[in-house]
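Here are a few exercises to work through with the model open beside you. Try each task before reading its solution.

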Number of protein chains: 2
Amino acid sequence: MTERVFNFSPGPATLPYEVLVQAGKDVVNFQETGIGLIEISHRSREFMAVAEEAEKNLRELMEIPDNYKVLFLQGGASSQFFMIPMNLLGNGKKATYLNTGTWAKKAIKEAKLFGEIDVPYSSEENSFNRVPTQDEYTVAEDSEYLYFVSNNTIYGTQFPEFPETEKMLISDMSSDILSRKIDISRFGLIFAGAQKNLGPAGVTIVIIRDDLLERTPQNTPTMLKYKTHADKGSMFNTPPCFAIYAVGEVLKWLKKQGGVAAMEEINREKATLIYDVIDSTDYYIGHAEKESRSLMNISFNLPTAELEAKFIAEAATIGLNGLKGHRSIGGCRASIYNAFPRDGIVKLVEFMKQFELDNPA
Amino acid sequence: MTERVFNFSPGPATLPYEVLVQAGKDVVNFQETGIGLIEISHRSREFMAVAEEAEKNLRELMEIPDNYKVLFLQGGASSQFFMIPMNLLGNGKKATYLNTGTWAKKAIKEAKLFGEIDVPYSSEENSFNRVPTQDEYTVAEDSEYLYFVSNNTIYGTQFPEFPETEKMLISDMSSDILSRKIDISRFGLIFAGAQKNLGPAGVTIVIIRDDLLERTPQNTPTMLKYKTHADKGSMFNTPPCFAIYAVGEVLKWLKKQGGVAAMEEINREKATLIYDVIDSTDYYIGHAEKESRSLMNISFNLPTAELEAKFIAEAATIGLNGLKGHRSIGGCRASIYNAFPRDGIVKLVEFMKQFELDNPA
């Protein structure tokens with residue numbers, strides 16, 4: 001077997017190795033049923049137990065109150081961009097969005113199809129290198145909700161604190177769900193595509209306060225109503241079984257690591273190792289302003305594009321993969337979600353120091 | 001390891017064992033990259049090649065003309081129920097639907113949100129035990145398309161020939177895609193959830209004639225426009241990578257079996273083995289009328305509900321699983337898609353004969 005490499009990809013991303021090994025067995029023969037995991041009926045006792053345990057562990061890890069539903073949906077986070085306003089706006093209703101990156105911008109575009117969208121803050125002019133502080137925007141009085149992206153994968157920014165407002169919060173947490181403790185009760189809805197901190201691509205988690213299920217306009221297609229899925233425990237139609245299973249395995253692993261509070265500490269320590277290198281030299285320049293730095297994605301530049309290309313290529317030869325930045329801002333990026341091992345970061349930090357010595361600007 | 005059982009489930013359903021074994025390896029370490037299949041970037045060279053090969057093999061196996069796009073979408077076949085009329089109707093446009101079962105009925109319900117829906121045929125009064133012949137309905141002159149479900153999983157009915165009409169056909173082939181040769185050029189759109197004949201749950205194949213991509217109303221959410229996905233090779237957002245990979249492996253397996261024509265012959269022979277038992281006795285009663293019989297799902301009854309329960313339970317003890325019929329019509333059902341092995345059918349047929357002897361009515 002090839003040696004396992006350190007995969008810094010932004011998503012799909014590194015998963016715990018023990019989860020992969022277990023999944024590899026279960027795909028062929030699930031729990032000794034003589035049927036593979038990907039062949040077994042979603043209504044079988046065995047699979048229902050998998051889905052229930054995944055939800056139970058997510059509720060426990062995130063301390064989700066009882067008046068919130070947990071949904072396992074298809075269509076990616078991108079489908080939530082329109083489902084949220086389709087279900088919660090309409091009839092000239094208003095919502096407030098903070099424009100902190102590409103994914104926020106896409107969500108704003110879709111929301112405009114369903115209501116009046118107020119965007120009181122944007123960091124687009126500065127290549128989205130920061131998120132706002134509380135005094136940089138106001139939430140319109142008649143807004144139904146305040147929408148924000150808690151972590152911006154491309155730019156490596158993250159809200160250190162969530163917005164303070166009386167309005168209900170809605171957040172795209174695709175790239176930092178389960179990476180830190182949060183107070184769910186401040187949110188109307190939280191969603192996250194699985195392929196960063198949760199599992200493989202193919203399932204999106206939606207956590208929604210149950211009173212919101214009743215707001216959807218009548219003429220909405222059945223599959224696009226949150227209530228449809230909430231009423232059927234995400235089994236209105238055949239769910240993406242494998243992805244749900246894999247999320248469940250990741251959640252079990254996360255519990256073994258000590259849960260979200262423990263993970264938050266580990267994440268902080270992992271990110272600090274890299275930021276310390278960036279801060280100790282002018283050779284590596286972080287993209288994000290210090291106060292907005294993400295613990296999940298670290299975007300940085302080298303003195304020249306040529307050096308960046310060389311850095312990425314040389315890193316790959318020693319098993320440090322996926323360090324290329326997003327095409328929209330270039331440079332380098334290290335995505336270090338929950339499951340990314342500390343050893344890989346230590347190796348990257350050593351490589352960064354040596355590369356600077358070997359390749360003076 | 002537990003012995004592999006014969007799994008007659010209607011979907012998710014039996015997959016080729018060699019596909020499971022390969023998937024089990026690739027999940028842990030994909031093509032010796034040192035990265036698991038479910039961790040690797042969807043934009044990596046390796047995964048792009050997987051998606052391209054899957055599409056290429058599907059085109060080859062189904063003889064899909066160049067003016068059709070192949071899309072790998074999320075949301076299940078159930079999402080196609082609304083996406084089709086959302087993209088192709090609107091503004092008082094009309095379409096014709098044939099009501100041959102639960103899934104047709106659900107599609108009709110969603111279509112009514114977007115246009116005038118004509119339903120000139122329904123077999124609902126007879127528990128959907130047949131599909132119509134050509135002279136049993138007419139397609140309205142001003143219909144945009146004729147929609148039908150080519151195989152009705154629950155009732156075990158299947159269109160032996162496709163409707164003859166000048167209108168373009170649209171078909172839900174979730175339960176018989178790739179089971180027989182078809183002439184794609186008669187269709188505007190064909191779709192199929194993967195979890196019966198194609199692979200695991202989590203991806204839906206849509207084959208769409210390219211001129212239809214331009215019909216979508218402007219104010220449709222980006223993710224719900226077929227064109228969005230067609231223009232980006234189904235990579236507008238992160239696709240359900242694992243499900244696409246697994247479909248690709250099933251398609252490779254199907255090519256090795258000799259392709260669709262060979263599979264059609266095998267399917268006919270497999271189904272005949274069971275129908276011969278049903279026809280040779282009054283003990284087993286087929287649900288579908290003979291002319292409408294499905295080669296994929298065989299729904300049948302025993303003299304009493306008690307005997308049916310005993311039949312299903314005893315079958316399970318000898319490794320014949322998932323024979324319970326759908327709750328809406330009760331009884332028994334054997335789902336025998338492409339990947340269901342002939343040996344399992346021989347074993348079922350022997351069991352049926354013995355059970356009748358041991359349990360006279």
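The exercises below concern a predicted model, and each is followed by a worked solution.

**Exercise 1. Find the operation that lays chain B on chain A, and say how the two copies are related.**

Start with the superposition: chain B falls on chain A with an RMSD of 0.0 Å. The operation is a turn of 180 degrees, with a shift of 0.0 Å along the axis. The two copies are thus related as by a two-fold rotation axis. To place that axis, look in chain B for Gly24(B), whose C-alpha is the nearest to the axis at 2.0 Å. Finally, compare the contact residues: 98% of those of chain B recur in chain A, so the same surface serves both copies.

**Exercise 2. Work out the strand order of the open sheet formed by three strands in chain A, and identify the edges.**

First, trace the order, which is E11-E12-E14 in chain A, with antiparallel pairing. Next, count partners: strand E11 (285-286) and strand E14 (332-335) of chain A each have a single partner strand, so one side of each is left without a neighbour in the sheet. These two strands therefore stand at the edges. Now zoom in on one pairing: strand E12 (residues 297-301) of chain A is joined to E14(A) by four bridges. Here Ser299(A) stands opposite Arg333(A). Last, add the helix: H7 (residues 259-279) of chain A packs on the sheet and touches E11, E12 and E14 of chain A. The direction of helix H7(A) makes about 15 degrees with that of E12(A).

**Exercise 3. Take the salt bridge between Asp279(A) and Lys290(A), and decide which parts of the chain it links.**

Begin with the distance, which is 4.0 Å from N to O. Then locate the partners: Asp279(A) is in helix H7 of chain A, while Lys290(A) is in the loop between E11 and E12 of chain A. The two are 11 residues apart, and the pair links distant parts of the chain. Now check accessibility: Asp279(A) is partly exposed at 39%, whereas Lys290(A) is exposed at 54%.

**Exercise 4. Set two further salt bridges beside it: Arg130(A) with Glu136(A), and Arg59(B) with Glu55(B).**

For Arg130(A) and Glu136(A), the closest N and O atoms are 2.8 Å apart. Arg130(A) has a relative accessible area of 18%, under the 20% limit, so the residue counts as buried. Glu136(A), at 29%, is partly exposed.

For Arg59(B) and Glu55(B), the N to O distance is 3.0 Å. Both residues lie in helix H2 (residues 45-62) of chain B, four residues apart, about one turn of the helix.

Conventions:
Residues numbered from 1 in each chain as written. Chains lettered and ligands numbered in written order. Predicted model: local features only at pLDDT ≥ 70, side-chain atom pairs only at ≥ 80, totals over all residues. Heavy atoms only, no water. Least-squares fit on C-alpha atoms with pLDDT ≥ 70 in both. Contact = heavy atoms within 4.5 Å. Pairing = 2+ DSSP bridges. Axes fitted to C-alpha atoms, helices over the stretch in contact; angles between N-to-C directions. Salt bridge = Lys/Arg side-chain N within 4 Å of Asp/Glu carboxyl O. Buried < 20%, exposed > 50% of the residue type's maximum accessible area, 1.4 Å probe, protein only.
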